[in-house]
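Work through the exercises below with the coordinates open. Each task is followed by a solution in steps.

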Amino acid sequence: GLHRPPTTMPNSRVTGLLLVLLGCGSSRQVRCAPAPLALSTSLRCRACSAFLAPRRKFLHPHAAWTGGENASPAQSGTSTAAVPSWSDLESSLESSISSPLPVSIDSVLDPSTPNFSKDHATLFRERHGWCPYSERVWLALELKGVPYDTVRIDNTGGGRPSYYGGQTPQMRWPDGRTQGESMDLVREVDERYPEYGMSLYPEGMEAEVEAKVRAWSNTFPKKSRPSSRAAYLFDWSGEPLWKSEFERVLRDTDGVLSDTPGPFFCGDGITAADVAWAPFLERYGAQLPCLHDDLDPRDAGAYPHLSAWYDAMDSVPAYACRVKGDKSSWRKVLSMAGFGNAGVPTKIMDRMEGEADVEAERPSAKRAELETEIWDEYASSRPHVARSAAAEAASVVVRNRDAIAADIGKRLSQSGKWVNAGLPSDENGLEEAMRGLAAVLIKEGEISSADSESTLSKEVISLASYLDERMCVPRDMGSMSAAAMKRLAGYM
């Protein structure tokens, strides 16, 4: 890594804004490298004090505490087992908790010059996961499975380290050379690491891939304001582009996809062409339905080839499990950009709320089975990743429990909103609710309707709702893990 080796660090600074939910140290001496959390830039990870609260009865803990490995939430719904301890939870997540995390440094909170690796490349990408150009390079590295380190750079005026200059993304190669421009980096990654994973420019298809990459720049709106949070959405006055312009982009994109035999831009397999288009179409898929009525890029009737492309991308493990943002996060950042000084129009806010209701729905049994297969493939080559998307969300809570508690304490002191919603205001109750939440997530994130009436279950659900509101995807966790948290929040 960046030669900040994994250490036991009970007082290590948490990196990010609340949920740099990917790996700060804890008092349990979990070995992990510093990584992002996100919310308050003043947060520091502190040693967990010995909580002496009496254990309440928890109705949906992990199977290990409710009658065996095969016990389902419905079967174990009236268990009187106590909430599992942090030690028990860490044991259940042992492989993912004990494996070192890939190095990821938040340069705002740690501006000192890293001891850059001479073995791995280092990706400098935008801090929050908003920059679509950074996402291109991140996706290419994940698709190929190339080992790399990450330094996250602020693009919003929050301060940059003295050793960095220029735009994001950039790569520092093991020989010390630095390079920029997203698609140049995608090409370099593919050529420099031919032994890793798939080829993003398959032999004999290079010209087709390059042509489809160029088609992207010829398709997206020319007269729009650049923005990492809301790319190709607004004109220079801050108003959304006309619906007809967005429809033109979607029709043209569907046309580009129509001349290939498979669902991807160059056929049956993902290539650099998909890497070039994906970040922008991902954001369009979440944000366009909020800007205009009856404007859905995933509408199979209006855009059949584009709809098939979205489905195909959602089945790519590296993309679906980690790099892809979720719709609620893209709605959040949409409200931060555009609209001039008047703020977000009421009609657009109403559309956002309607989209949120749809997103909270449970997946079909068929989709849930497919997501399990996708996650299994993703986790099989990444020992630091938990065995399921929900368990990965649990590991994020376990790793970062102190920082989460500190953030909640700060927020509760400023507003009574979450106390009124059922979030514990006392330290012991909150600590127990966090353990309960982790246990439910390990058990695949289900609470029966009967158990949702218990005091602790209500607090767990309230905590899940709080984290769902606070986190940003993919900054804090992947979209499938975030969906597990969101489904729990949906009980509220």
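## Exercise 1: a helix under cover

Task: Find the elements against which the buried residues of α10 pack, and decide whether this helix is enclosed or open.

Solution. The model is a predicted one. The packing partners of the buried α10 residues are α7, α11 (346–359) and α18. Next, list the buried positions: Ser328, Ser329, Trp330, Arg331, Val333 and Leu334. Helix α10 spans residues 327–334, and six of its eight residues are buried, so the helix is largely enclosed by the rest of the structure.

## Exercise 2: the chain as a whole

Task: State how many helices and strands the chain has, and what share of its residues is buried.

Solution. The secondary structure consists of 18 helices and seven strands. There are 492 residues, and 58% of them count as buried. The accessible surface is about 19,500 Å², with 49% of it belonging to carbon and sulfur atoms. For the contacts, take those with a separation of 6 or more: 73% of them join residues 24 or more positions apart.

## Exercise 3: the nonpolar cores

Task: Identify the residues with the most contacts inside the largest nonpolar core, and the helix that supplies its largest share.

Solution. The largest core has 66 residues, and those with the most contacts inside it are Met171, Leu233, Trp277, Tyr284 and Trp309. Helix α7 (residues 272–291) gives the largest share of this core, twelve residues. A second core, separate from this one, has 40 residues, among them Ala386, Ile408, Leu412 and Met477.

Now take Met171 and set aside its neighbours within four places in sequence. Its contacts include Ala121, Thr122, Leu123, Val137 and Leu141. On the other side of Met171 in sequence, they include Arg177, Thr178, Gln179, Leu185 and Val189.

## Exercise 4: helix α4 and its cover

Task: List the buried residues of α4, and name elements that cover them.

Solution. Helix α4 covers residues 182–192, and its buried residues are Ser182, Met183, Leu185, Val186, Glu188, Val189 and Asp190. Their cover includes the helices α3 (132–144), α5 (206–219) and α7. It also includes the strands β6 (170–172) and β7 (178–180).

## Exercise 5: the α5 and α7 pair

Task: Which class of relative orientation describes α5 and α7?

Solution. The two helices pack at an angle of about 20 degrees, with axes 7 Å apart. Angles under 35 degrees count as roughly parallel, and α5 and α7 are therefore roughly parallel to each other. On the α5 side the contact is made by Val209, Lys212, Val213, Ala215, Trp216 and Thr219. On the α7 side it is made by Ala272, Ala273, Ala276, Trp277 and Phe280. By class, this contact of α5 with α7 has nine nonpolar, one polar and one charged residues.

## Exercise 6: two loop positions

Task: Is Thr271 buried or exposed? Which residues does Gly422 contact beyond its sequence neighbours within four places?

Solution. Thr271 is in the loop between α6 (243–258) and α7. Its relative accessible area is 2%; the cut-off for buried is under 20%, so Thr271 is buried. Outside its neighbours within four places in sequence, Thr271 touches Leu200, Pro202, Val209 and Cys266.

Gly422 is in the loop between α15 (417–420) and α16 (427–442). With a relative accessible area of 28%, Gly422 is partly exposed. Beyond its neighbours within four places, Gly422 contacts Glu459 and Ser462. Gly422 and Glu459 are 37 residues apart in sequence, with a C-alpha to C-alpha distance of 5.5 Å.

## Exercise 7: backbone geometry

Task: Find where the cis peptide bond with omega of about 5 degrees lies, and the one of about 15 degrees. Then examine phi of Glu181 and Asp294.

Solution. Most residues other than glycine have a negative phi, and most peptide bonds are trans. A cis bond joins Thr168 and Pro169, with omega about 5 degrees; Pro169 lies in the loop between β5 (148–153) and β6. Another cis bond joins Val473 and Pro474, with omega about 15 degrees. Pro474 lies in the loop between α17 (455–470) and α18 (479–489).

For phi, Glu181 has a positive value of about 70 degrees. Glu181 lies in the loop between β7 and α4 and is exposed, at 58% relative accessible area. Phi of Asp294 is positive as well, near 55 degrees. Asp294 is in the loop between α7 and α8 (304–313) and counts as exposed at 75% relative accessibility.

Technical notes: Residues are numbered from 1 along each chain as its sequence is written. This is a predicted model: local features need pLDDT of at least 70, side-chain atom pairs count only at pLDDT 80 or more; totals for chains, interfaces and linings use all residues. Side-chain values use heavy atoms; hydrogens and water are left out. Helices (H or I, at least four residues) and strands (E, at least two) are DSSP runs, numbered from the N terminus. Buried means under 20% relative accessible area, exposed over 50%, partly exposed in between (1.4 Å probe, protein chains only). Contact means heavy atoms within 4.5 Å. Accessible areas come from the Shrake-Rupley method with a 1.4 Å probe; for residues, only the protein chains shown count as cover. A nonpolar core is a set of buried Ala, Val, Leu, Ile, Met, Phe, Trp, Tyr and Cys residues joined through side-chain atoms within 4.5 Å. Axes are lines fitted to C-alpha atoms, for helices over the stretch in contact, and angles run from 0 to 180 degrees between N-to-C directions. Angles under 35 degrees count as roughly parallel, over 145 as roughly antiparallel, 65 to 115 as roughly perpendicular and the rest as oblique. Ala, Val, Leu, Ile, Met, Phe, Trp, Tyr, Cys and Pro count as nonpolar, Asp, Glu, Lys and Arg as charged, and the others, Gly among them, as polar.
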